[in-house]
Amino acid sequence: MGLSLEESLRLTVAALMQATGDSQRSVAAVLGLTQTQVSRRQSGATSWTLRDVDVLAGHYDVAALDLLAGPTRTCEMLPAARRRGANAENGVIR
């Protein structure tokens, strides 16, 4: 049996944070949550909401369905400008 959608989403968010250099605190700010609330979502203690998926998709500039397709698909769809190295090259600090 494969991963549940909830588990896959947690892995996807972790992969996106790694790829972009975002912290739980910065993701929380985007979502209008606290870092603790994001941590609880990432640990599985609380579920991600559909609103969270929509906001995260917009933040990472990927389609919501790609975000739900898992970490590999989402990271493949992540625009180059959003990747960790691209931000440093462009002088953008997150």
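This is a short talk on how the helices of this chain pack together and which side chains link them.

Before anything else, please keep in mind that what we are looking at is a predicted model.

Let me begin with helix α2, which covers residues 24-31 and in which V27, A28 and L31 are buried. These three cover an arc of only 105° around the axis, which puts them on the same side of α2. If you turn to the other side of α2, you find R25 and A29, and these are exposed. There is a general point behind this kind of pattern, namely that an α-helix has 3.6 residues a turn, so residues three or four places apart point the same way. As for what the buried residues of α2 pack against, the partners are α1, at 5-20, α3, at 35-43, and α4, at 50-60. Just after α2 comes G32, and here the backbone takes a positive phi of about 75°.

Helix α4 can be described along similar lines. Its buried residues are D52, V53, L56, A57, H59 and Y60, and because they cover an arc of only 160° around the axis, they fall on the same side of α4. L50, D54 and G58, on the other side of α4, are exposed. The buried residues of α4 are covered by a set of elements that includes α1, α2, α3 and α5. After α4 comes D61, whose phi is positive as well, near 60°.

That brings me to the nonpolar core. The largest one has 18 residues, and the members that touch the most other members are V27, L31, V38, W48, L56, Y60 and L67. Helices α1, α2 and α4 each supply at least two residues of this core. I would like to pause on W48, and ask which residues W48 is in contact with, once its neighbours within four places in sequence are left aside. They are E6, L9, R10, V13, L31, V38, R41, Q42 and L56, and two of the names in that list, L31 and L56, we have already met as buried residues of α2 and of α4.

R41, which is also on that list of contacts of W48, leads us to the salt bridges, of which the count comes to four. R41 forms one with D52, and the closest N and O atoms of this pair are 2.8 Å apart. The pair links distant parts of the chain, since R41 is in helix α3 and D52 in helix α4, 11 residues apart. Both R41 and D52 are buried, and for D52 the relative accessible area is 2%, which is why D52 counts as buried. D52 also meets R51 in a salt bridge, at 3.7 Å from N to O, although R51, at 48% relative accessibility, counts as partly exposed. Taken together, R41, R51 and D52 are linked in a network of salt bridges.

Another salt bridge joins the side chains of R82 and D22, again with 3.7 Å from N to O. What does this pair tie together? R82 lies in the loop between α6, at 71-77, and α7, at 84-89, while D22 lies in the loop between α1 and α2, so the pair ties together parts that are 60 residues apart in sequence. R82 is buried, with a relative accessible area of 9%, and D22 is buried too, with a relative accessible area of 8%.

D22 has a further partner, because the side chain of T20 reaches the backbone nitrogen of D22 at 3.3 Å. T20 itself lies in helix α1, and with a relative accessible area of 3% it is buried.

Staying with the later part of the chain, G85 lies in helix α7 and, at 41% relative accessibility, counts as partly exposed. G85 and A19 are 66 residues apart in sequence, and yet their C-alpha atoms are 8.8 Å apart in space.

My last residue is D66, which lies in helix α5, residues 64-68. Is D66 buried or exposed? At 12% relative accessibility D66 counts as buried, because the limit for that word is under 20%. Leaving aside its neighbours within four places in sequence, D66 is in contact with R73, T74 and M77.

Methods. Residues are numbered from 1 along each chain as its sequence is written. This is a predicted model: local features need pLDDT of at least 70, side-chain atom pairs count only at pLDDT 80 or more; totals for chains, interfaces and linings use all residues. Side-chain values use heavy atoms; hydrogens and water are left out. Helices (H or I, at least four residues) and strands (E, at least two) are DSSP runs, numbered from the N terminus. Buried means under 20% relative accessible area, exposed over 50%, partly exposed in between (1.4 Å probe, protein chains only). Contact means heavy atoms within 4.5 Å. The arc is that of the directions from the helix axis to the C-beta atoms. A nonpolar core is a set of buried Ala, Val, Leu, Ile, Met, Phe, Trp, Tyr and Cys residues joined through side-chain atoms within 4.5 Å. A polar contact is a pair of N or O atoms within 3.5 Å; within protein, one must be able to donate a hydrogen and the other to accept it, and residues adjacent in sequence count only if both atoms are side-chain atoms.
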